[in-house]
Every structure is written in structure tokens, then in C-alpha cells.
Amino acid sequence: MILNPDHKEVYQDMEQPLNHYFISSSHNTYLMEDQLKGPSDTEAYIRALLKGCRCVELDCWDGSDDEPVIYHGYTLTSKILFKDVIKAIKEYAFKASDYPVILSLENHCSVEQQSVMAQHMSSILGNALVTTPLGDGMPTNFPSPEELKEKFLIKGKRLNKLEDSFADAAAEAENTDVTEEEESNNEDEQEEKKSKKNLTLAKELSNMVIYCKSVHFHSFEDARKNQSFYEMASFKEGKAMNLAEESANAYICHNVEKLSRIYPAGSRTDSSNYNPVPLWNAGCQIVALNFQTVCTEMDVNQGRFLVNGKSGYILKPAYMRDGATEFDPITLTRGEWLQHKVLHIMIISGQQLPKVKKKISSIVDPLVKVQIYGVPADVAEKEISPVWNNGFNPTWNENLQFDVYVPELALVRFLIEDHDSMSGNEFVGQFTLPFNSLQMGYRHVPLLNKNGDLLPSAGLFVHIMVVDAE
């Protein structure tokens with residue numbers, strides 16, 4: 001197999017602080033299809049969790065009979081009960097991975113129904129829910145995935161700073177008001193209205209937010225001065241992409257200290273996805289994608305989290321965990337990240353490639369593309385010519401060569417398409433894996449279908465060689 005067998009198990013250090021990992025994350029987890037009229041279903045949570053997702057999103061709204069519901073607000077998507085979702089999450093959270101699951105709450109509920117949410121989480125999740133910091137006293141850093149095994153963390157708004165819960169009750173009451181004032185003074189008028197509305201928070205729910213308190217992002221400098229380590233911002237994809245392009249090093253340094261969550265633009269009503277790679281390159285941990293959508297971006301996400309036991313946590317390279325790092329993925333300078341390799345791939349043959357068209361008489365004309373994802377200098381795609389009318393045992397014997405400068409952030413994707421000059425090529429199968437998980441020599445490449453499931457008996461036969469560039 002092309003994938004290093006040692007990387008199929010958990011092989012990375014899992015004792016680093018939580019924010020030193022890329023975390024497999026889902027957006028609008030409750031949706032089965034699009035975000036305008038598609039069905040919401042607990043099944044969507046189960047699927048995401050079984051795929052190793054470790055951060056799920058819950059859009060919570062007031063429901064009838066004092067039972068909060070989850071759906072995509074102001075749309076025709078169907079509604080599901082909050083408590084049913086929590087039950088499904090509890091049952092399936094740790095089947096694919098033992099490592100912690102973050103419940104990202106988008107809370108639109110009244111104070112009364114927020115209290116119901118808190119009760120449901122408390123009674124259903126029980127001791128697995130983290131409601132106080134680990135250890136004694138006020139923490140100064142995140143616990144590790146290892147320390148948080150089989151635990152749930154709540155991400156949401158909090159009335160006060162975590163530090164205040166260690167002060168006495170009288171001081172705490174005062175601080176609650178101060179924080180609200182500060183929150184509204186710092187922001188423009190629209191934000192002010194919003195934050196005042198948002199801060200009608202049920203105390204029980206607020207108190208459950210320990211390591212992932214949602215705050216508004218102003219600037220990296222402001223975050224450095226005023227944000228505690230557990231206070232995290234969510235960035236819309238456009239804003240995040242700009243920061244990742246224009247201030248990549250500052251973003252990386254920010255993410256050495258704090259967590260960042262990225263989510264797709266609201267304009268993606270078809271639940272399409274953005275490319276997660278530039279955001280991983282900037283050190284962002286929680287890069288949330290629509291798991292319900294089959295697309296190249298999900299293939300790449302699956303490839304990133306294929307290794308380390310499919311645990312949903314991938315340790316960031318050392319130069320992305322160092323607050324003084326000079327690494328910038330856009331303008332590569334010399335440093336430990338720069339390890340120029342030359343990748344030689346010989347595509348030899350294919351085996352039992354599935355038919356794309358429904359017609360019994362149809363035969364594929366397979367061609368292979370090899371794509372490199374990573375820092376901009378490494379991004380590349382090369383293809384080899386199609387073999388006509390043979391999906392059973394096509395032979396190519398063609399060589400491809402790639403330069404890879406930052407191997408620790410690179411992914412390799414093998415894509416097979418059915419050549420069609422009239423209507424465009426059609427997807428046959430693909431396999432994506434981290435560059436550093438490639439095995440040398442003659443290797444078998446398994447193939448996955450559009451849904452990311454294994455195609456039985458289909459594959460590619462290749463020869464892989466990686467050499468250090470002179």
C-alpha cells in the first residue's frame with residue numbers, strides 16, 4: 001500500500017495543548033443536503049462523527065413546548081429536537097476516535113430555552129461534559145487531546161471571563177456587567193446591538209463554556225493584548241483567506257496561542273466548500289467544511305485526517321507551534337520548514353476501474369491526474385494521457401515529477417477521470433494522503449468513490465521515489 005502502515009495508528013504526540021492540532025471540523029452538521037430547503041437529520045451528525053469529525057455545529061432556536069430545535073434559521077430546512085441531537089452525539093462521538101468532541105453552539109434561543117439546552121447537555125452527556133477547568137486553579141493553557149479523551153467541550157458565548165469564576169461570588173456579579181459593557185463599547189453600532197442581544201445568556205449555559213469562549217475578532221494586536229488563551233474567534237472564509245494571504249505569519253503566531261474557527265460564506269447556499277489548505281497553512285485549527293457535500297475539498301480534508309489513526313487530530317509541524325516562528329507559507333524563506341524534495345511518480349497501471357455511465361456497453365477511457373496541495377510554491381497538477389476503452393487493466397507507464405518545498409504541509413491526490421472531450425471528464429475515483437505518509441517503491445493506491453468510501457478491488461499501481469533536491 002502507498003500509505004505508510006505506521007501512520008494508520010495514532011503515531012503523533014497527543015500530549016500537546018489542544019490548539020497545536022488541526023481538528024477535523026464540520027459546518028451546519030445537521031444538514032443532509034443544501035442549506036435552503038434540505039432536510040435536517042440526526043443521521044448527519046452520526047455520519048460526520050463516524051468520518052472522524054471532532055467539531056460539530058448546532059444552530060439552536062426556540063421550539064414549541066419549550067424544547068429547543070436545530071435547523072438553518074429563516075430557511076425551509078426541516079427542524080430536529082436539540083435533545084435528540086445531543087443523544088445521537090453522545091452515542092456516536094467516540095466510535096471512530098477517542099479524542100474530544102467540540103460542540104459549537106450557534107445560540108439563537110431565549111434564556112428559558114437556553115436553560116433547557118444546559119439541562120439536556122448536563123443530563124445526557126453527564127461526566128463526559130467538561131464544565132470546570134482540568135487541574136487546580138485557573139489554567140494558563142489548553143489541556144491536550146490525551147487529557148480530554150472521551151470528553152465534550154462547549155464552544156459558545158460566556159458572560160464573564162473564566163478567571164472570574166475563581167473569584168468570589170460578589171466580585172463575579174460585578175464582573176458580569178463590566179464585561180458586557182466592554183463588549184459593546186469596543187464595537188461598531190451594529191455589533192453593539194448584536195452583542196447586547198447575544199448577551200442575554202442563561203447563566204447555566206454560560207458556565208459550561210470553559211476552553212472555547214466565542215469572542216469578536218478585531219485585530220491580531222488586539223487579540224494578543226486583550227484575549228485570554230481560551231477566547232476564540234470565528235472567521236468567515238473570505239476574511240480568513242485574506243488574512244492567510246496578507247498576514248500569514250501573524251495568523252500563524254496568533255494560532256500558536258489561540259484557537260481559530262473558519263466557516264463557509266453564507267452565499268454558499270448549495271453547501272459547497274472552500275479550499276481548506278491555505279487556512280491550515282496559516283495554522284487555523286478548526287477549518288469547518290460541509291461534510292454533507294461530495295467535492296474535491298472534502299476529499300482533501302479526508303486525506304489530511306486519513307492518518308494518525310483517523311483520530312480527527314493532526315499535530316501541527318513544530319514551526320507552527322512556536323510563538324517566535326518566522327514561517328510564512330506565501331513568501332518562503334530559509335528555515336526548518338524548507339526541505340526541498342523531488343517526487344518521482346511512475347503511473348504504471350490501473351485495475352478494475354468502475355464504469356461511470358449506467359449503460360451496460362459503456363467503457364471508461366481512464367486518465368490519471370496527480371495533484372499536490374500545500375503552500376503556494378508546492379501547488380501543482382499534472383496529468384497523463386487517457387487509455388481508450390479499458391477500465392479493466394489500463395497501462396500507462398508514464399513518469400511525473402514534482403518539486404515539494406514544504407513536505408510537512410503537502411498532500412498528494414491521485415485522481416482518475418473518464419475522458420470525455422464533449423461534455424468534460426467524469427470522476428472515476430481518487431485517493432489523497434499526506435506527502436510524508438507516502439511509501440517508496442512499487443505501491444498499490446486504493447481508490448475512493450465520490451462519497452469517500454472504498455471502491456472494492458479498484459486501484460492504481462505506481463512506483464514512488466522521493467529524493468532530496470541538491
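A residue counts as buried when its relative accessible area is under 20%, and as exposed when that value is over 50%. This cut-off is applied at several stops of the tour below, which concerns a predicted model.

**Stop 1: Ser 144**

Select Ser 144, in the loop that runs between α3 (111–125) and β6 (152–156). Its relative accessibility is 2%, so Ser 144 is classed as buried. Next, display the residues around Ser 144, leaving out those within four places in sequence: the contacts are Met 14, Glu 15, Gln 16, Pro 17 and Leu 18.

**Stop 2: the whole chain**

Zoom out and colour the protein chain by secondary structure; eleven helices and 19 strands should appear. The radius of gyration is 23 Å, close to the 23 Å that the globule rule gives for 470 residues, so the chain is as compact as a globular protein of that length. Along the principal axes, the C-alpha trace spans about 75 × 50 × 40 Å.

Colouring by accessibility separates the interior from the surface. Of the 470 residues in the protein chain, 56% are buried. The exposed area of the chain is about 20300 Å², and 48% of that area comes from carbon and sulfur atoms. Among contacts with a separation of 6 or more, 72% join residues 24 or more positions apart.

For the charged groups, select the 44 positive and 67 negative side chains. The centres of these two sets are 5 Å apart.

**Stop 3: residues 205–321**

Now select residues 205–321, which an unreviewed UniProt entry annotates as "domain: PI-PLC Y-box". Over this range the chain is 37% helix and 17% strand. A distance drawn between the end C-alpha atoms of the range should read 32 Å.

**Stop 4: Gly 303 in helix α11**

Move to helix α11 and select Gly 303. With a relative accessibility of 1%, Gly 303 falls in the buried class. Apart from neighbours within four places in sequence, Gly 303 is in contact with Leu 411, Thr 432, Leu 433 and Pro 434. Add Arg 413 to the selection: 110 residues separate Arg 413 from Gly 303 in sequence, yet their C-alpha atoms are 8.2 Å apart.

**Stop 5: the loop between α11 and β11**

Continue into the loop between α11 (296–304) and β11 (313–315), where Asn 308 is located. Most residues other than glycine have a negative phi. Asn 308, although not a glycine, has a positive phi of about 60 degrees. Asn 308 is also buried, at a relative accessible area of 0%.

Lys 310 should be selected next, as it too is found in the loop between α11 and β11. The phi of Lys 310 is near 50 degrees, again a positive value in a residue other than glycine.

**Stop 6: His 344 in strand β12**

The tour ends at His 344, in strand β12 (residues 341–351). Is this residue buried, exposed or partly exposed? At 25% relative accessibility, His 344 is partly exposed. Beyond neighbours within four places in sequence, the contacts of His 344 are Leu 400, Gln 401, His 463, Ile 464, Met 465 and Val 467. Finally, draw the C-alpha to C-alpha distance from His 344 to Asn 301: the two are 43 residues apart in sequence and 24 Å apart in space.

Terms used: Residues numbered from 1 in each chain as written. Predicted model: local features only at pLDDT ≥ 70, side-chain atom pairs only at ≥ 80, totals over all residues. Heavy atoms only, no water. Helix = DSSP H or I, 4+ residues; strand = E, 2+ residues; numbered from the N terminus. Buried < 20%, exposed > 50% of the residue type's maximum accessible area, 1.4 Å probe, protein only. Contact = heavy atoms within 4.5 Å. Rg over C-alpha atoms; globule rule 2.2 N^0.38 Å. Areas by Shrake-Rupley, 256 points an atom, 1.4 Å probe, with all protein chains shown as cover. Lys, Arg positive; Asp, Glu negative; His and termini not counted. Charge placed at Lys NZ, Arg CZ, Asp CG, Glu CD. UniProt positions renumbered as here; feature names shortened; annotations may be inferred.
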